[in-house]
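Here are my notes for you, set out as numbered points. Please keep the model open beside them as you read.

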Amino acid sequence: MLRSCAARLRTLGASRGGARGPGAARRSFASEEVVDKDCALPNPSWSKDLRLLFDQFMKKCEEGSWKRLPSYKRSSTQNFKDFRTHYVDPKLLKEEQMSEAQLFTRSFEDGLGFEYVMFCNDAEKRVVCFFQGGPRLQGVPGFTHGGAIASIIDATVGTCAFRAGGVVMTANLNINYKRPIPLCSVVVIDGQLDRVEGRKFFVSCSVRSVSEETLYSEATSLFIALDPNKKLT
Ligand SMILES: CCCCC/C=C\C/C=C\C/C=C\C/C=C\CCCC(=O)SCCNC(=O)CCNC(=O)[C@H](O)C(C)(C)COP(=O)(O)OP(=O)(O)OC[C@H]1O[C@@H](n2cnc3c(N)ncnc32)[C@H](O)[C@@H]1OP(=O)(O)O
């Protein structure tokens, strides 16, 4: 069992699996069917700016070089199950806690937390994230909390590393906060895989205003592809 999981996790990098096709993902959960909504699609809380950027990049997807990445509160893909089986020590986690587990950046009601959509261009080794931070992400009055900015940066550069290297974890994330991000504004996070050294994936990104006039933050990061033969805990 573990060996086959390890083998599947090893191939995850090649398949760059993880995300499923667009639309809802179905999971049978006890008797009723749980339908996980694809959160990377417009909802009424999206501003005009966010919708415009979404429409622009959906057109690029039609041209073929970019791909929209679906995003769910919970992932029930085989990759995710393999990750849990292989790396999560059952003694550390209680089942009832795990049943409540959700992706942190997808754990807020529409419009209150992280509203975002990511597009990837594997040929250019880039992931672009359009992010609208809601009112529950306030740091100093009127501006987005630095930890919330770090979370969406981690998710964006992490997705960039994941597309190239499969199951990765953040080893290092350095952020220079240049200008505060006004709460509820839309920003463009442009992630770029800079180099790969063995299991080390170096990814950088900028966080800019929609007009590109304001550079809010810049970050560098190191992600490590997990070694299935090494325990995490
Ligand atoms: C991921 C999902 C899995 C399932 C996928 C399915 C569906 C999901 C779909 C999409 C997912 C998309 C993207 C994911 C998005 C975001 C990812 C979020 C990631 C996180 O939010 S994750 C939480 C925070 N993260 C941690 O909780 C990690 C704690 N940490 C550790 O668990 C270990 O630390 C680990 C595993 C990182 C490495 O451990 P290890 O034993 O495998 O590797 P080792 O230590 O041997 O280092 C190997 C080489 O890296 C160098 N190195 C290591 N650390 C360094 C550092 N800090 N600075 C400079 N160099 C460093 C060494 O110096 C050596 O270099 P050299 O080879 O040259 O000697």
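1. Which element gives the largest share of the shell around the ligand? That is β6, with five residues. Helices here are DSSP runs (H or I) of at least four residues and strands are runs (E) of at least two, numbered from the N terminus. The elements that contribute two or more residues to this shell are α3, α5 (146-165), β6 and β9.

2. A word on the source: this is a predicted model, in which local features need pLDDT of at least 70 and side-chain atom pairs count only at pLDDT 80 or more, while totals for chains, interfaces and linings use all residues. Residues are numbered from 1 along each chain as its sequence is written, and side-chain values use heavy atoms, with hydrogens and water left out.

3. Back to the ligand: 21 residues surround it, a residue being counted when one of its heavy atoms lies within 4 Å. The closest are Asp 154, Thr 170, Arg 199, Lys 200 and Lys 230. By class, the shell has 10 nonpolar, seven polar and four charged residues. Nonpolar here covers Ala, Val, Leu, Ile, Met, Phe, Trp, Tyr, Cys and Pro; charged covers Asp, Glu, Lys and Arg; the others, Gly among them, count as polar.

4. Now for some polar contacts (pairs of N or O atoms within 3.5 Å; within protein, one must be able to donate a hydrogen and the other to accept it, and residues adjacent in sequence count only if both atoms are side-chain atoms). The side chain of Asp 154 places an N or O atom 2.8 Å from an oxygen atom of the ligand. Lys 230 also has a polar side-chain atom 2.8 Å from a ligand oxygen. At Ala 171 the partner is a polar backbone atom, 3.0 Å from a nitrogen atom of the ligand. On its own the ligand has 1,400 Å² of accessible area, and the protein covers 56% of that; such areas come from the Shrake-Rupley method with a 1.4 Å probe, and for residues only the protein chains shown count as cover.

5. How many salt bridges does the structure hold? There are 10, each a side-chain nitrogen of Lys or Arg within 4 Å of a carboxyl oxygen of Asp or Glu. One of them pairs Asp 36 with Arg 74, the closest N and O atoms being 3.9 Å apart. This pair links distant parts of the chain, 38 residues apart: Asp 36 sits in strand β2 (residues 33-36), and Arg 74 in the loop between β3 (67-69) and α3 (78-87). Asp 36 is buried at 4% relative accessibility, whereas Arg 74 is partly exposed at 24% (buried is under 20% relative accessible area, exposed over 50%, partly exposed in between, with a 1.4 Å probe and protein chains only).

6. Another salt bridge joins Glu 218 to Lys 178, with the closest N and O atoms 3.6 Å apart. Glu 218 is in strand β9 (residues 215-225) and Lys 178 in the loop between β6 (168-177) and β7 (186-197), so the pair ties together parts 40 residues apart in sequence. Glu 218 is partly exposed at 31%, and Lys 178 is partly exposed at 43%.

7. Lastly, please look at two backbone angles. Lys 125, in the loop between β4 (114-121) and β5 (126-133), has a positive phi near 55° although it is not glycine. Glu 212, in the loop between β8 (200-209) and β9, likewise has a positive phi, near 70°. Lys 125 is partly exposed at 45%, while Glu 212 is exposed at 59%.
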